[in-house]
Structure formats: structure tokens, C-alpha cells
Amino acid sequence: MGTLFRLVVYSQAPADSAARAAFDRIAELDRTFSDYNEASELSRLCRQPAGAPLPVSADLFAILQISQDLAAKTHGAFDVTLGPLTRLWRESRRARALPTADALASARRAAGFAHLHLDPARQTATLLRPGMALDLGGIAKGYAADAALNRLTQLGFPAAMVSASGDLALGDPPPGKRGWTIELAPFGDATATRTTLVLVHAAVSTSGDAEQFVEIGGVRFSHIIDPATGLGLTQSVAVTVVARRATVADALATACSVLDPVAAQRLTDASPEPVRLIVHRRDPVALLTSP
Ligand code: ADP
Ligand code: MG
């Protein structure tokens, strides 16, 4: 998943083998969800001929179902079928040049959550258009953090935290504490007040362009795709979502980066589980001045 996972476990008994099992679970999900690894289950699904259903694992089906549900609720602001566009955008970021109009148009034709069909009865996934590609980068780390925390809890180590850079899953509090103290670093402005959260059985995800962005022709673009343009977001945004599960927090943080502030608030307010949205920064347009 292109990141480091870190586990923190409090216990009297040695936690080494439980930690090993939690890391193994993360590695298993990486092998399932990766769009870099040709051998992953996700890559196999993407190689399936258009219109041919493929039976998929419980993990892949579950993450796709949550993704499709959020895609529908956000009218595609969050959309794991943007794979052809995220791939094209990775090349653009590397080359520091915008894609050609032709390349952009053909990637856009192969994207769109309406072209991914899930059949819960058969647990199959069908890509309805040729050239489709799925990218779980906006949700997989949260899903893996939840799964690792579940594994630790099942093995008798519930006082644990799983962190994957911007995504945290938190279990029972550390001994003698009310909860896990999470400090959100201020973005850009070092004088801004820090937000401190004390949380149990919760998840925190931060999304935005603070770390990953590219400048092309004086414009700053994020690594998050704006489905309206097919290119990276140009508004500078950083949001944190606190939720019960890291899967939800991760996906909502990505979605809220794309949505306008009113739609983002409406989305989190309407969530079936309690969710808190913290907006650190949202600039209308980030135009850079040449040095
Ligand atoms: P990070 O990977 O920095 O933690 P996010 O959780 O916001 O940040 O995920 C960003 C990733 O999500 C991108 O690198 C890409 O793989 C994928 N992605 C980009 N745009 C979208 C989008 N509009 N909807 C869903 N996933 C997206
Ligand atoms: Mg995310």
C-alpha cells in the first residue's frame, strides 16, 4: 500500500506473535488490493474481459461494496473506478506535464462507478467497460488498519493502535488512560492552534495535498483526482475525519477533499455512524508565483 504500518500494543503478556499475525493480515490485504502488483486479486479483476463476472474474496467484495456506496452518495466524488485517471495522473506527476487531451478522454471513458457491477448473492464483481482499472488507494489503508486491529483484539490484545501514516485505528485505551491522545499537526501555519483528540474505539484519517502534490505550469495539483476534470485537485485542502472505523474515516477523508465544504459537511452529517469532520485548510485556488 506504499506506506509503513505501525502497531502499538499494551499488554502484560508478550504480544510478539499477535503483532506478527496482525502484520500478516495487512500483508494479505496488500496482496489482495494492490494495483501495483500484477498478481493481486484486484489486478486479476482488472484483467477480466469487460462484462465477465469474477467471484471475488470476502475482503475485496466488502471494500468494493463500501466504495460503491460512497460513490453513489457523493455522486462520484469518491470513486475507486477512477483507476485509468489515477494511473494517467501518476505519469503526469512523474513527467511534470499534463496528459494529452486524447489520453485524458480515453481514460475518462473507462472510468465511472456506474460501470462496476457487484452481485451480493454470487459475491462477484463485473467491470462493464473495456480498459477499466480500480484504485483502492483512498480506502485500502483504512480497511487494513481496521483488519489489523480486529486481529489483535481477537487474539486478546484489545489495547492497541494501528497507524498507517495518515490513517489510525484505535482500540481500548492504554492502561490508566481515558483514551488515545491524538494531536493533529497544524497544516502550513506553525502558529495555528493544534487540535488534540482523546479517543477510544475510533479511527482518524487525514487527507489532502500537504505531502503529495505536483506543480505543473505554475499550478499546484494534488494526488487526489477531481472527477470533474480528470486531473488532480487544484484547490489546496486538508481534512481530518474521525469515525468509528478506519475504513469509513479513510474513504470519507478522501471524499471530503474532493467535495465542496457544504457537500462535505452534509455527507458527514448524514453518515449512519457518528462522524466528525475537521477542515484544516481549504483554499479556493492555489496559484503559485514563479520563483
Ligand atoms: P493518502 O493516500 O495520501 O493517504 P487518500 O486516502 O486521500 O490519501 O487517498 C488518495 C489516493 O486515493 C490516491 O493516491 C489514489 O490512489 C486514490 N484516489 C485519488 N482520487 C480519488 C477519488 N476521487 N476517489 C477515490 N480514490 C481516489
Ligand atoms: Mg483516504
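A polar contact is taken here as a pair of N or O atoms within 3.5 Å. The model discussed is predicted, and this report treats the surroundings of ligand 1 and the pocket that holds it.

**Contacts of ligand 1**

The shell around ligand 1 has 17 residues, of which D135, K141, S207, I225 and T254 come nearest. By class, this shell divides into 6 nonpolar, 7 polar and 4 charged residues. Helix α7, spanning residues 246-258, provides the largest share of the shell, with 3 residues. Three polar pairs between the protein and ligand 1 are set out below.

| Residue and its atom | Atom of ligand 1 | Distance |
|---|---|---|
| A77, backbone N or O | nitrogen | 2.9 Å |
| D135, side-chain N or O | oxygen | 2.8 Å |
| G138, polar backbone atom | oxygen | 3.0 Å |

Taken alone, ligand 1 exposes 570 Å², and the protein buries 89% of that area. D135, whose side chain makes the 2.8 Å pair, is also one of the residues that come nearest to ligand 1.

**The pocket**

Ligand 1 occupies the largest pocket, which holds about 1400 Å³ of space. The lining of this pocket comprises 50 residues, and G137, G138, K141, Q212 and H223 are the closest to its centre. G138 thus has a place in the centre of the lining and a backbone atom 3.0 Å from an oxygen atom of ligand 1.

Several secondary-structure elements each supply at least two lining residues: the helices α1 (16-33), α4 (83-95), α6 (140-154) and α7, together with the strands β6 (167-170), β7 (180-184) and β9 (202-208). In terms of class, the lining consists of 21 nonpolar, 18 polar and 11 charged residues.

Terms used:
Residues numbered from 1 in each chain as written. Chains lettered and ligands numbered in written order. Predicted model: local features only at pLDDT ≥ 70, side-chain atom pairs only at ≥ 80, totals over all residues. Heavy atoms only, no water. Near = heavy atom within 4 Å. Polar contact = N/O pair within 3.5 Å; in protein donor to acceptor, adjacent residues only side chain to side chain. Areas by Shrake-Rupley, 256 points an atom, 1.4 Å probe, with all protein chains shown as cover. 1 Å grid on protein atoms, 1.4 Å probe; cavity = no way out; pocket = protein on both sides within 12 Å on 5 of 7 lines; lining within 4 Å. Sits in = over half its atoms within 2 Å of the grid points. Helix = DSSP H or I, 4+ residues; strand = E, 2+ residues; numbered from the N terminus. Nonpolar A, V, L, I, M, F, W, Y, C, P; charged D, E, K, R; others polar. Points joined across faces, edges and corners; volume = space filled by probe spheres on them.
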